[in-house]
Every structure is written in structure tokens, then in C-alpha cells.
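Subject: Structure handover

Hello,

Here is the structure I promised to pass on. Please open it next to this email.

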Amino acid sequence: MKKVLITGGAGFIGSHVVRLFVNKYPDYHIFNLDALTYAGNLENIEDIEDKPNYTFVKADINDEKAMLNLFEKEAFDGVIHLAAESHVDRSIEDPLAFLKTNIMGTVNLLNAARKTWKNFDDKLFYHISTDEVYGSLGETGFFLETTSYDPKSPYSASKASSDHFVRAYQNTYGMPVVISNCSNNYGPNQFPEKLIPLCINNIQNNRPLPIYGKGENIRDWLYVVDHARAIDVIFHSGRVGETYNIGGFNEWSNIDLVKELCKVMDEKLGRPKGTSEKLITYVTDRAGHDLRYAIDATKIKDELGWEPSLQFEEGLRKTVDWYLENEAWLKNITSGDYQNYYNKLYQDR
Ligand code: NAD
Ligand code: DAU
């Protein structure tokens, strides 16, 4: 039986990765390690919590002793590392939190693996990263695996740094590593601080839809389950030491995307056409707002045969359906500190 450690599995993407691995590989034992920060939510994975090949571990990746003990005890065959502070706006408010978890936490995890893995035979440390490490594109061009790093926000600087450490551990200690850099994910279970679920929640509550700047910034959107499928393929078939870009060839300006979402929401909520669009409100831009991200995902397609399975329009509808069917989830997650966060971030904009 293979033992696989997945970090951040109570978060958005991690929960979909954990579900896929637990269900698809009954002969693996999946350990989900998560500190349950504001972004971690065990409700995301309650459907698999009783499976015999699943164990949840509540721990902080910064806890040196806990990581060493766990790696010593379980002798994992592989690690898929997703735990991170993930929101750009929060990184602008509190860069140190991103340095601690994304850089120090990753190095702490790498150390636990390096110190406890007797040898590196058949081991793999798979680090999940972002396209934001490549910086910002102009109107044309794509990020390739060979594009130079040029991170521009505290979040992307912390992710870039962690990527460098992962590669340094391969170069210095011979640790088998692989990295993937993915574009913007959307889908069920995403915390409503990110654009799509934030707008879904606000439309439901007739609140303004805050569009930063002119809404002309472009992101490349991928359905979260397709990202989880890509992670599965890379974990099992990716070449050690390689980087794989993951993306949907699916670019949308923020304003076009939000207008599309408004149409779907009006239809699903049975509201007259144009109702939700009236909520669109242009607000002060994000500091240092990257203009455009676009991933060239040719390498993963050619080498590993992975392609997105869902068209965006279908994925968006599925996402809206999920949020409308899971009102309790949204209510729970937006109670408590969420309102303070929201008011603080948006009151001055
Ligand atoms: P998320 O914020 O939804 O989830 C992060 C999870 O990590 C949470 O469950 C949280 O509790 C946990 N966590 C945070 N700090 C921790 C710590 N110190 N110790 C243990 N657990 C901790 O994030 P997400 O959007 O699911 O992103 C997951 C990973 O994928 C991140 O590494 C992110 O950089 C990367 N990524 C995200 C996207 C995206 O569009 N969301 C795209 C590309 C890459
Ligand atoms: O590209 C991958 C990255 O995508 C991941 O690494 C990050 O973890 C993830 O958060 C995401 O980063 P973005 O900053 O692109 O996502 P966000 O949903 O915060 O914003 C998407 C775009 O929408 C961005 O251009 C900012 C804009 N925006 C966002 C919010 C929350 C708004 O205009 N209004 C908003 O209220």
C-alpha cells in the first residue's frame, strides 16, 4: 500500500485532490494534513471522511517537531503539497503570513522529508504552484515552463521562493521533486474571497459586485476538478525534476467573466435579464494588479495526454448550481470573521 501525504486537503483545490485520490486509489492510504486556517473546511471533504484509506491530520506545516514525527512514523511514499496562504489581497495586507506558511512551511516540509526518507528510491515531493510566479503578460504571449520567474505580489513572491527551494532540494540533496504551475481555478468549495464565489454570494444577497480598476485584467480559468486530474497525472507519470504548466486556454477579462456570471445567475434565480449586472461596481484597483495571465499547456498535453475536460460555460453553470444547492456551506463559511474581512477590504475601495 502506498502512503501519500496531501497537504492543504481541507482547502479548495486540495479537497478535490483528496477526494480523487481516496476514491480512485483504494489501495493507497491518503493522509490529509491541514491546519484548518480560515480557508480550511472539513465540510469540503465530509463525503470521504469515513473511508478506510483516509486519515485526517490537523497540523501546521510550520511545526517542525510535528512534521518530523509524522514523516518518521508514516514513511510516506509521496507528498503532494498544496497547503498555502492563497489570496493575493490578503498578501498585500499581511506579507509575513505568506512568507511563514508558503516559504518557511514548505522548507520545513522539505526538511522533514529529507531527514526521514532513508533513501529517495520511489519517493516524490510534488509541489503545487501557480502561474503568478511568471509575473504579468502584455496583450500577447503565453507563460511557458521556461519563462523566467518575475513575481510581482507578496503572494507570488512567496510561491516563487518556495518553488526555488523545492528545486534547490533536488539539486543539493538529490530529492526527487516535480512542480506544476496552474492558472486560476474555479468550481465548488472555493472560499468566497476569490472573484467568482464572491460575486455569486453577492448576487444572491443583492450586494455590489466589486470590479477592481476597469475590469480589463485577464485571467485563464480552469475547472478545479480538471486541475485535480492534472495533479493525478503528474504525480503518477510526470518526469522527476520537471515543471508542468496547467491551464485551460480559457482567457477572460474580469468584466466579461462577471457579466457572463450575471447572466447565468439571473437565469438560475429566475430574475429578469440584466438584474445582476446592475450590481457591478467599479472600485479602486488592487495594488500592483497583474494585467494578464495565460498558460501554454502544450507540454502536459503532449507528454502526459492531459487536457481540460470541461468547457468554461459548462463549468460555470456547474459551479453556480453547486453554490445554489449548498447554501448552508456558504452561510457557514461567511459567518464569523468573513464579514469583518469583507468590510475591511471593500469599505475603502
Ligand atoms: P485555499 O486557501 O483554498 O486552501 C489552502 C489550505 O491550506 C487550507 O485548507 C488551509 O487550512 C491550509 N493551510 C494554510 N496554511 C497552512 C499551514 N500553515 N499548515 C497546514 N495547512 C495550512 O487554497 P487553494 O486555492 O486550494 O490553493 C491550494 C494550492 O494551490 C496553493 O498552494 C495555491 O498557491 C495553489 N494554486 C491555487 C490556484 C487557485 O486558483 N486557487 C491556482 C494555482 C495554484
Ligand atoms: O493564477 C493563479 C492564482 O489565481 C492562484 O495562484 C491564487 O491562489 C488565486 O487566488 C488566483 O489569484 P487571482 O488574484 O487571479 O484571483 P482572484 O479571484 O483574487 O482575482 C481574480 C481577478 O479578479 C483578479 O484580476 C482580481 C479581480 N478581482 C478579484 C476580487 C476578489 C476583482 O476585480 N474584484 C474582486 O472582488
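Below are notes on the two ligands, followed by some single residues.

First, the ground rules. This is a predicted model, where local features need pLDDT of at least 70, side-chain atom pairs count only at pLDDT 80 or more, and totals for chains, interfaces and linings use all residues. Residues are numbered from 1 along each chain as its sequence is written, chains are lettered from A and ligands numbered from 1 in the order in which they are written, and side-chain values use heavy atoms, with hydrogens and water left out.

**Ligand 1**

Which residues are closest to ligand 1? They are Ile 13, Asp 34, Ser 86, Tyr 155 and Lys 159, out of 29 that surround the ligand. A residue belongs to this shell if one of its heavy atoms lies within 4 Å of the ligand.

Next, the polar contacts. The term stands for a pair of N or O atoms within 3.5 Å; within protein, one must be able to donate a hydrogen and the other to accept it, and residues adjacent in sequence count only if both atoms are side-chain atoms. The side chain of Ser 86 has an N or O atom 2.7 Å from an oxygen atom of ligand 1. A polar backbone atom of Leu 82 is 2.9 Å from an oxygen atom of the ligand. Thr 101 faces a nitrogen atom of ligand 1 instead: an N or O atom in the Thr 101 side chain is 3.2 Å from that nitrogen.

Ligand 1 exposes 830 Å² when taken alone, and the protein buries 96% of that. These areas come from the Shrake-Rupley method with a 1.4 Å probe; for residues, only the protein chains shown count as cover.

Four elements give two or more residues to the shell: α1 (12-24), β5 (124-130), α5 (154-173) and β7 (184-186). β5 gives the most, with 3 residues. Helices (H or I, at least four residues) and strands (E, at least two) are DSSP runs, numbered from the N terminus.

By type, the shell of ligand 1 holds 14 nonpolar, 12 polar and 3 charged residues. Here Ala, Val, Leu, Ile, Met, Phe, Trp, Tyr, Cys and Pro count as nonpolar, Asp, Glu, Lys and Arg as charged, and the others, Gly among them, as polar.

**Ligand 2**

There are 24 residues around ligand 2. Asp 131, Tyr 155, Arg 286, His 289 and Tyr 346 come nearest. Tyr 155 is also among the closest residues to ligand 1.

What lies 2.7 Å from an oxygen atom of ligand 2? A polar side-chain atom of Thr 130 does. Leu 195 uses its backbone: a polar atom there is 2.8 Å from an oxygen atom of the ligand. Pro 210 also uses a backbone N or O atom, 2.7 Å from a nitrogen atom of ligand 2.

Alone, ligand 2 exposes 700 Å², of which the protein buries 95%. Two or more residues of the shell come from each of α6 (195-204) and β8 (209-212). The largest share, 3 residues, is from β8. The shell divides into 10 nonpolar, 8 polar and 6 charged residues.

**Cysteines**

How many disulfides does the structure hold? The count is 0, with a disulfide taken as a pair of cysteine sulfur atoms within 2.5 Å. Cys 262 has its nearest cysteine sulfur, that of Cys 199, 7.1 Å away. Cys 262 is buried at 1% relative accessible area. Cys 182 is buried too, at 3%. Buried means under 20% relative accessible area, exposed over 50%, and partly exposed in between (1.4 Å probe, protein chains only).

**Asn 44**

Asn 44 sits in the loop between β2 (28-34) and β3 (54-58). Is this residue buried or exposed? Asn 44 is buried, with a relative accessible area of 2%. Its side chain makes a polar contact of 2.8 Å with the side chain of Trp 329. Asn 44 also touches Ala 10, Gly 11 and Asn 189, among others beyond four places away in sequence (contact means heavy atoms within 4.5 Å).

**Two positive phi values**

Asp 122 is not a glycine, yet its phi is positive, near 60°. Asp 122 lies in the loop between α4 and β5 and is exposed at 73%. Asn 206, also not a glycine, has a positive phi of about 55°. Asn 206 is in the loop between α6 and β8 and is exposed at 51%.

Best wishes
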